[in-house]
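Trainee: I would like to practise the reasoning behind the labels we put on a structure. Could you take my questions one at a time?
Mentor: Gladly; let us look at it together.

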Amino acid sequence: MEGKLNYTGKNHFLIIGWSKNVEKTIIELLLNRGIEKDVVLIDGLKESPFKHERFHYIQGNPTEPKILQQANIEEAESVAVFASDYDYEVQADGKTLLIASAVERYATERGIDIYTIAEITHKDHIGMFRHADVDEFVLSSESFPQLMTKSLMHHGASRLYMQLLNHAYGENIWEIESKSSWKTYGDAFESLLQQGANLIAEGHDLSIVRRLGDPIPEGARLYVICDQATYEKLKLMGQ
């Protein structure tokens, strides 16, 4: 009977497809102290690939409405469709797109809203997922499991991440030089805020916002979030 029982819980994370990335994402979700939600997996494996008291397995074809109903998709917090480990990029993304389209069709036919996130292996395929009304798409990478976990928990997280990585968007992360008039992180924070930039880190240290009274060390590498026009102004101020 493994994988054949209906899941009747609510506000769960529904994951479709099993892979190494899926396993890492499930572990991230279940170890997160801020949530106590169940994780439900749909896949074709004969036996459950994972064991945990908050993990539930549904065996079957995720493009079939009865399987989606068995996983209680209508009550899910989020639905994530993962790419296969064993297919080439085109095949993997094609399969993911087919499943995501099936989920969106299921939602449309029933007049409900299902928040869908898809793993994409090639960035050139993003346009096709947009046409399928997928809410978020996350490109595969080493940090993928953590990012997918954030997207499942906090809708829109991947778009924020992609915006900060891609200079085609408005706001980006920039490195700036410290000014002699800035004695503490608080001095820099207030000055930059007035210019339209947010100070977020010194080197890889993101905790400076809680240490605004600390002095800025010599040779500090300060990072801000702002648009390019603001960054250009900051560069001129530093000259």
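Trainee: Where does E171 lie?
Mentor: E171 is part of strand β7, which covers residues 171–176. Bear in mind that this is a predicted model.

Trainee: Why is E171 called partly exposed?
Mentor: Its relative accessible area is 32%. Buried needs under 20% and exposed needs over 50%, so a value of 32% makes E171 partly exposed. As for its place in space, the C-alpha atoms of E171 and A197 are 9.6 Å apart, with their positions 26 residues apart along the chain.

Trainee: What makes T8 exposed?
Mentor: T8 has a relative accessible area of 69%. The label exposed asks for over 50%, therefore T8 earns it. T8 sits in the segment before β1, and its C-alpha atom is 22 Å from that of T149, 141 residues away along the chain.

Trainee: N11 and N72 caught my eye. What is notable about the phi of N11?
Mentor: N11 has a positive phi, about 55°, although N11 is not a glycine. N72 also has a positive phi, near 55°, and is a residue other than glycine.

Trainee: Where are they, and is each buried or partly exposed?
Mentor: N11 belongs to the segment before β1. With 41% relative accessibility, N11 falls between the cut-offs of 20% and 50%, so N11 counts as partly exposed. N72 is in the loop between α2 (65–70) and β4 (78–81). N72 has a relative accessible area of 17%, which is under 20%, so N72 is buried.

Trainee: Why is D135 called partly exposed?
Mentor: D135 has a relative accessible area of 28%. That value is neither under 20% nor over 50%, so partly exposed is the label for D135. D135 is in the loop between α4 (126–131) and β6 (136–139).

Trainee: Which residues is D135 in contact with, beyond its neighbours within four places in sequence?
Mentor: The contacts of D135 are E104, I114, Y115, T116 and R159. A contact requires heavy atoms within 4.5 Å. Q70 is another matter: the C-alpha atoms of D135 and Q70 are 23 Å apart, and the two residues are separated by 65 places in sequence.

Trainee: Let us turn to the interior. Which residues touch the most other members of the largest nonpolar core?
Mentor: They are I15, I26, L29 and V39, in a core of 21 residues. At least two residues of this core come from each of β1 (13–16), α1 (20–31), β2 (39–43), β3 (55–59) and α5 (144–153). A second, separate core has 18 residues, including V40, I58, I67 and I99.

Trainee: What makes a set of residues like that a nonpolar core?
Mentor: Its members are buried residues of the nonpolar kinds, joined through side-chain atoms within 4.5 Å. In soluble globular proteins, nonpolar side chains tend to be buried together. Take I26: leaving aside neighbours within four places in sequence, I26 is in contact with I15, W18, V39, F50 and F55.

Trainee: Which residues of helix α7 are buried?
Mentor: In α7, residues 185–195, the buried residues are Y185, G186, A188, F189, S191 and L192. An α-helix has 3.6 residues a turn, so residues three or four places apart point the same way. After α7 comes G196, with a positive phi near 95°.

Trainee: How much space lies in the second largest pocket, and which residues are closest to its centre?
Mentor: The second largest pocket holds about 220 Å³ of space. Its lining has 15 residues, and G17, W18, D43, S84 and K95 are the closest to the centre. β2 and α3 (89–110) each give at least two residues to this lining, and α3 has the largest share, three residues. By class, nine of the lining residues are nonpolar, three are polar and three are charged.

Trainee: And what share of the chain counts as buried?
Mentor: Of the 239 residues, 44% count as buried. The chain has eight helices and nine strands, and its C-alpha atoms fill a box of roughly 70 × 35 × 35 Å along the principal axes.

Methods:
Residues are numbered from 1 along each chain as its sequence is written. This is a predicted model: local features need pLDDT of at least 70, side-chain atom pairs count only at pLDDT 80 or more; totals for chains, interfaces and linings use all residues. Side-chain values use heavy atoms; hydrogens and water are left out. Buried means under 20% relative accessible area, exposed over 50%, partly exposed in between (1.4 Å probe, protein chains only). Helices (H or I, at least four residues) and strands (E, at least two) are DSSP runs, numbered from the N terminus. On a 1 Å grid over the protein atoms alone, a cavity is a set of points where a 1.4 Å probe fits but cannot get out, and a pocket is an open set with protein on both sides within 12 Å along at least five of seven lines; lining residues have an atom within 4 Å of a point. Grid points are joined across faces, edges and corners, and a volume is the space filled by probe spheres set on the points. Ala, Val, Leu, Ile, Met, Phe, Trp, Tyr, Cys and Pro count as nonpolar, Asp, Glu, Lys and Arg as charged, and the others, Gly among them, as polar.
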